[in-house]
Each structure stands twice: as C-alpha cells, then as structure tokens.
Amino acid sequence: MTELLTAAQMRAIEQAAIAAGEVTGLELMERAGQGVVAAIFEQWPELDADLGCQAGEAAPRPQVSPRGISGQKMGGEASRRAVVLCGPGNNGGDGFVVARLLKERGWDVEVFLYGPPDRLPPDAKVNYERWRAIGRVIEWTAQQVGEEAADLFVDAIFGAGLKRAPACEILEPLTKLYTEGKTFARMVAIDAPTGLCMDSGRALCPEFGAVWSWLTVTFHRPRIGHFIDEGPSYCGAMRTVDIGLGGHDWGEAARQAVADLHRLEKGRGMGRVVATLMSPELVSPYLGKETDEHKYTYGHALVLSGGHGRSGAARLAARGALRIGAGLVTVGAPRAAMIENACQLTAIMLRQMDGADELRTLLQDSRLNAVCLGPGLGLDADREGLVLEALQANRATVLDADALTQFEDRAEALFEVLHENCVITPHGGEFARLFPDLAEKLNAPATTGPVYSKVDATREAAKRAGCVVLFKGPDTVIAAPNGLCSVNSAHYDRSAPWLATAGSGDVLAGVITGLMARGLDPMQAAETAAYIHVECALNFGPGLIAEDLPEQIPAVLRKLDIF
Ligand SMILES: NC(=O)C1=CN([C@@H]2O[C@H](COP(=O)(O)OP(=O)(O)OC[C@H]3O[C@@H](n4cnc5c(N)ncnc54)[C@H](O)[C@@H]3O)[C@@H](O)[C@H]2O)[C@@H](O)CC1
Ligand SMILES: Nc1ncnc2c1ncn2[C@@H]1O[C@H](COP(=O)(O)OP(=O)(O)O)[C@@H](O)[C@H]1O
Ligand SMILES: [K+]
C-alpha cells in the first residue's frame with residue numbers, strides 16, 4: 001500500500017528517525033543522492049558507462065511528455081556533462097551529493113548555487129564543502145544558467161522546503177532552457193520539480209509555473225502533489241527511492257488517526273490523514289462469486305433511465321453494474337423510453353417507471369438494494385422528485401451527472417437528504433455546481449504553499465455532503481465523511497487518456513452501483529470501481545469508447561486474480 005504524504009509529514013518522519021538516533025541527516029542526504037544517481041541510470045541506461053553505451057546516444061522518449069512534447073535526440077558533443085542546479089537548502093545538499101557521485105564516475109559536472117554558501121544548512125554545507133574539494137561552484141546568474149547545455153540537468157533548487165513562488169531569476173532561465181529544447185534531453189528533479197507545491201500538485205509561480213522535468217526522484221513515500229493536479233505533468237516520470245526510513249509505518253498511523261476527527265481538523269500537521277494511492281491490493285478482495293450462492297446474494301441494482309432518446313447513459317451504467325457482478329440489474333425507464341430500451345437490453349431487465357410515486361412502489365421490493373440516478377436522467381422539474389424518493393428509500397445510492405446538476409444553487413437541499421450509504425461522482429463542473437466555494441478555493445491563484453488541494457476539497461466536500469465523494473479526473477480523488485481519502489491516478493504508467501470519452505463516467509457510476517448492490521461499503525465500492533475503470537481503459541488501449549469499458553471487466557478481474 002502506498003500512502004501519499006504531505007511535505008510536513010515527510011519532514012516529521014525524517015526528524016523522528018534522526019531524533020531516535022537511527023540515522024543522521026547526513027546519511028539520509030547521502031542515500032538520497034545515491035538514490036537519485038541510481039534512478040538516473042535506471043531511467044537512462046545509455047548514460048551508464050558501465051553498460052557500455054556510446055557517448056551521445058539518443059535519449060529514449062520519456063514515459064510522460066511535459067506539455068506533450070516528445071523527447072528529442074540530444075547532442076552528442078556534450079555527452080557525460082551534467083549541470084547541477086543547487087538551491088539554498090537541503091534540496092541543494094542532495095544536489096551536491098549527486099554532483100560528487102557523477103564526478104566520481106568520470107562525468108564533467110558544472111554546479112550552480114542559488115544563494116550564499118555560508119547560509120546553507122549544516123548537512124548541505126558539509127556536502128557543499130565535499131564538492132568544493134573536487135569541483136567549482138558557480139554563483140547563480142540567470143544569464144549564465146540560461147546559456148548552459150548538458151546531457152543531464154539536475155534540479156536541486158527547492159524541494160519540500162518551498163514556501164512561495166521561486167524568484168523569476170530562478171525559473172526564467174530554466175523556462176528558456178526548456179523552450180530552446182536544451183532540457184528536453186534529461187531534466188531530473190530531486191524530490192519535486194522546483195516551484196511545485198508537494199501537497200497540492202499546484203505550481204506556485206503564476207508566470208513560469210514549475211520546472212518541467214522528465215524524471216522526478218523522491219524519497220521514502222511519494223507526496224500527494226506528485227499525483228494530483230499539475231504535479232504529474234511537471235514531474236514527467238516518477239521514482240520513489242528507499243532511504244532507509246521504512247521502519248516508520250506512517251500509513252497505519254495515518255489510518256488510525258481517522259478515528260480522531262478533532263485531530264483531522266487541525267490542519268496540515270502530523271495528525272492530518274494522508275491519502276492512499278489506489279493499487280491492486282486495495283481493490284476489494286470480495287469480488288469473486290461462490291459456488292453455492294444464487295443471484296440474489298449479489299444484489300439487485302436499479303438504474304434509472306432518461307426519457308426518449310436519452311437512455312443510452314443508463315444502459316452503459318447498467319452494463320457496468322451487471323459486469324461487475326451484481327446478481328440482477330434493472331433499468332427503470334419512463335414510458336417514452338421503453339421501446340428503445342427494450343430493443344437494446346437482454347440480460348438487463350426493464351421496468352416501466354414514470355415518476356417518483358412509481359419509484360416508491362418499485363422500491364417496496366426490498367431486494368432492489370442499490371440505485372443509480374443521473375446518467376442521462378435529464379433536468380426536467382420532476383427529476384428532482386425521483387432523486388429525493390430514491391434517497392428516502394435509504395438504499396445504497398449513486399448520484400451522478402444530472403442528479404447532481406439538478407441541485408445547482410440548492411446543494412444544501414441535497415446534502416440534507418444524502419445519507420452515509422451514498423456515493424456522488426462529480427466531475428469538475430458538477431463539483432463546482434455543488435460546492436462552489438470549494439471549487440473557488442481550489443482554482444484560486446496561489447503563490448504561497450501549502451496550497452489548498454483537490455484532496456483537501458474532496459475531503460471537505462465529503463464531510464459537507466455526509467457521503468462518499470468521488471471527484472473525477474485523471475487524478476480521481478475519493479473521500480469519505482470520516483476523512484479517509486484515496487487517489488486513483490491515471491498518470492505515469494497508468495496513463496489512460498482514452499477515458500476522456502463520452503459515457504465513460506456513466507459506466508463508472510454503474511460499476512459503483514453494482515459493487516454496492518453486492519454489499520461493498522460506499523468507500524470501498526468507489527475506490528474499487530475507480531481502480532477497475534482505469535484498468536479497463538488500459539486493457540483496451542487506444543480507440544476506447546464507453547461501450548468497451550464493461551466488456552473489459554472480465555479480463556481485468558482475471559488479472560486481479562478474482563474468480
Ligand atoms: N535531512 C533531511 O531531512 C533530508 C532532506 N532531504 C532533502 O531536503 C529537502 C528539504 O530541504 P529544506 O527543508 O532545506 O528545503 P529546500 O531545500 O526545499 O528549501 C530551502 C529553503 O529555501 C527557503 N525557501 C523556500 N521557498 C523559497 C523561495 N521561493 N525563494 C527563496 N527561498 C525559499 C526555505 O526557507 C527553505 O527552507 C527535501 O526536498 C530533500 O530533497 C533529503 O536529503 C533527505 C534527507
Ligand atoms: N485524461 C483522462 N485520463 C484518465 N481518466 C480520465 C481522463 N479524462 C476523464 N477521465 C475519466 O473518465 C470519466 C469521465 O466521466 P464524465 O466526465 O462524467 O464523462 P461522461 O459524463 O461523458 O460519462 C471519469 O471517470 C474520469 O475520471
Ligand atoms: K527540486
């Protein structure tokens with residue numbers, strides 16, 4: 001399990017290990033530098049002379065292309081030359097270690113320092129001196145940095161200590177190098193690209209953003225900002241290096257802290273629960289079916305259809321619910337949409353259902369244990385009654401799309417009736433309709449950190465709504481009212497841009513509904529569905545349309561070893 005930490009939590013873990021005498025700061029810095037160098041050669045093996053690669057060989061295309069620009073062939077003349085850009089703190093200290101280790105491997109290394117050497121913190125100062133014994137340090141000038149060329153650039157300017165937007169004289173020359181294609185070769189960020197808030201994934205400098213990197217190497221555990229918002233675009237590819245802090249099981253400690261809501265609210269200190277990064281181990285292990293059971297064991301999901309010509313979204317959701325293993329799935333359609341639904345449904349059942357009264361009658365059947373409303377539902381006045389009726393019936397309920405938009409400007413009315421067995425699944429626009437103040441905070445320009453993040457916003461929304469909120473995107477954030485939070489990332493090796501297709505969210509809503517029909521609690525259903533949804537997209541690959549998603553579920557389940 002991967003816990004995503006805040007910068008403050010990471011600092012606390014380091015300090016605890018140092019205070020306990022397990023390790024010194026200097027040792028951690030040395031391991032960090034070693035880890036960065038190892039990660040560089042893992043990412044670009046052609047740079048490792050020991051592997052016999054030729055100097056000046058072309059760099060492979062990075063896994064993620066900042067701003068979509070693909071990797072470029074680098075100049076051969078300047079091969080094995082590194083430019084290490086050091087800042088005034090311990091991030092700079094890591095940079096001096098990297099410079100020394102590269103020099104020891106025969107590299108030509110140029111080191112720039114931003115800030116006066118006599119103000120470096122102690123560990124960084126030691127490594128500055130060690131470097132000075134073998135190489136020179138050039139005082140930072142924007143002009144000189146902007147003229148550099150190298151096989152490898154190392155961003156060791158700011159990491160976890162970043163408090164405000166870096167000065168223009170730092171970011172401007174790096175932007176110049178980037179736009180001129182010089183850092184296309186290889187730019188590696190230590191801990192984080194300079195300028196990126198590690199808690200939020202937001203860049204602090206409105207003019208220059210943060211440093212576009214091809215590889216970011218962080219330590220112990222990734223931070224939240226590596227996985228949400230703009231973070232992944234700036235980070236390029238991600239590697240997390242073990243620096244020997246493994247004894248601190250922060251993940252478990254953080255989960256226990258959930259019980260203490262007072263501590264949760266204290267803000268960004270030690271008590272704040274971290275988010276979890278979704279991974280296969282966190283997918284519910286209870287998705288298989290047992291030999292002796294029958295269909296009603298696995299629940300009966302009801303998906304409400306929109307009117308004539310608007311019923312496709314409900315069928316997508318229903319298909320998702322059935323494929324994930326709900327025992328039975330019924331589409332409830334208004335009279336006008338009965339024929340089109342009947343023509344296209346087979347294993348999924350169909351019931352005519354016009355209006356809230358008929359929904360109430362239908363839900364007298366207690367076996368209908370999960371309801372999905374929203375996909376294609378429409379915004380007619382009577383739709384609100386359907387949503388309220390479904391919520392009053394106290395079933396596991398998933399609200400998406402129109403069921404959320406319906407309550408724009410009247411979100412409080414919805415929050416009053418939402419209950420703890422609900423999941424709401426807004427995309428950015430729907431989130432802003434229900435939580436305009438949170439969306440405003442999230443989108444407000446920020447120049448000082450830590451910045452209010454998508455994790456903060458989703459957790460606050462869940463608390464306010466009193467149910468699980470799944471805030472969609474390539475960085476889907478899922479939060480429960482008790483503060484539990486996870487991030488389902490479709491970045492790095494899980495990049496799934498083909499999910500940006502009409503109807504994919506409808507399938508997700510259906511899969512969550514199917515899982516809740518099967519008895520999963522709302523948080524687990526939302527997390528599991530979000531993970532499987534991205535896996536389906538990855539399994540299918542390019543050309544994906546929403547109809548393909550449910551059809552990938554069997555293969556994804558097999559891959560997860562679920563039978
Ligand atoms: N001993 C340790 O605790 C370890 C620290 N490590 C490294 O240390 C880094 C954190 O070091 P620091 O806490 O010294 O912080 P940084 O090196 O990230 O920042 C240096 C200092 O710059 C100042 N600053 C912040 N924003 C600024 C701005 N916009 N303009 C000018 N100055 C600004 C702050 O006072 C900050 O303390 C990590 O990112 C990691 O790279 C690693 O070596 C692992 C071990
Ligand atoms: N670039 C992307 N990478 C990965 N997932 C994405 C991307 N864009 C959208 N998604 C996912 O696709 C789904 C889109 O849902 P939504 O916006 O509700 O679309 P629709 O209403 O058309 O179904 C969400 O699950 C979202 O997380
Ligand atoms: K950095």
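Let us start at ligand 1, where helix α3 gives the most to the surrounding shell, with five residues. This is a predicted model, in which local features need pLDDT of at least 70 and side-chain atom pairs count only at pLDDT 80 or more, while totals for chains, interfaces and linings use all residues. Residues are numbered from 1 along each chain as its sequence is written, and chains are lettered from A and ligands numbered from 1 in the order in which they are written. Helices (H or I, at least four residues) and strands (E, at least two) are DSSP runs, numbered from the N terminus.

The shell around ligand 1 holds 28 residues, of which Gly-89, Asn-90, Asn-91, Gly-159 and Gly-161 come nearest. A residue belongs to such a shell if its C-beta atom, placed from the backbone, lies within 6 Å of the molecule. Helices α2 (25-43) and α3 each supply at least two of the residues here. By class, the shell around ligand 1 divides into 13 nonpolar, nine polar and six charged residues. In this scheme Ala, Val, Leu, Ile, Met, Phe, Trp, Tyr, Cys and Pro count as nonpolar, Asp, Glu, Lys and Arg as charged, and the others, Gly among them, as polar.

Asn-91 is worth a second look. Its place is in helix α3, residues 90-104, and UniProt, in an unreviewed entry, gives the feature "binding site" at Asn-91, Asp-155 and Thr-194. These three span 104 residues in sequence, yet no two of their C-alpha atoms are more than 9.8 Å apart, so they gather at one spot. UniProt positions are given in the numbering used here, feature names are shortened, and annotations may be inferred rather than shown by experiment.

A longer "binding site" list in UniProt, also from an unreviewed entry, names Asn-90, Asn-91, Gly-92, Gly-93, Asp-94, Asp-191, Ala-313, Gly-376, His-427 and Asp-506. These positions span 417 residues in sequence, and the farthest two C-alpha atoms are 55.4 Å apart, so they do not all gather at one spot. Gly-93, one of the listed residues, is found in helix α3.

Now on to ligand 2. It is surrounded by 18 residues, the closest being Pro-474, Ala-490, Leu-499, Ala-500 and Gly-505. Helix α19 (residues 504-517) contributes the largest share of this shell, four residues. The shell around ligand 2 has nine nonpolar, seven polar and two charged residues.

For the "domain: YjeF C-terminal", UniProt (unreviewed entry) lists residues 278-560. The end C-alpha atoms of residues 278-560 lie 14 Å apart, and the span is 43% helix and 15% strand.

Next come some helix pairs. Two packed helices are described by the angle between their axes and the distance between the axes. Here the axes are lines fitted to C-alpha atoms, for helices over the stretch in contact, and angles run from 0 to 180 degrees between N-to-C directions. Angles under 35 degrees count as roughly parallel, over 145 as roughly antiparallel, 65 to 115 as roughly perpendicular and the rest as oblique.

The axes of helix α10 (residues 312-323) and α19 come within 7 Å and cross at roughly 40°, and α10 and α19 are therefore oblique to each other. On the α10 side, the residues that meet α19 include Ala-313 and Leu-316, and on the α19 side they include Asp-506 and Val-507. Residues count as in contact if their C-beta atoms, placed from the backbone, lie within 7 Å. This contact of α10 with α19 has 10 nonpolar, four polar and two charged residues.

Helix α10 also pairs with α21: their axes come within 9 Å and cross at roughly 5°. That makes α10 roughly parallel to α21. Arg-319, Gly-320 and Arg-323 in α10 meet Leu-549, Pro-550 and Ile-553 in α21, a contact with three nonpolar, one polar and two charged residues.

Helix α21 (residues 548-559) packs against α20 (residues 522-540) as well, at an angle of about 95° with the axes 8 Å apart. Helices α20 and α21 are therefore roughly perpendicular to each other. Their contact includes Ile-532 and Phe-540 of α20 and Leu-549 and Val-556 of α21.

Two backbone details round off the tour. Most residues other than glycine have a negative phi, and most peptide bonds are trans. The peptide bond from Gly-449 to Pro-450 is cis, with omega near -10°, and Pro-450 sits in the loop between α17 (436-443) and α18 (454-465). Asn-394 has a positive phi, near 60°, and lies in the loop between α13 (381-392) and β14 (396-399).

Notes. Two residues are in contact if their C-beta atoms, placed from the backbone, lie within 7 Å.
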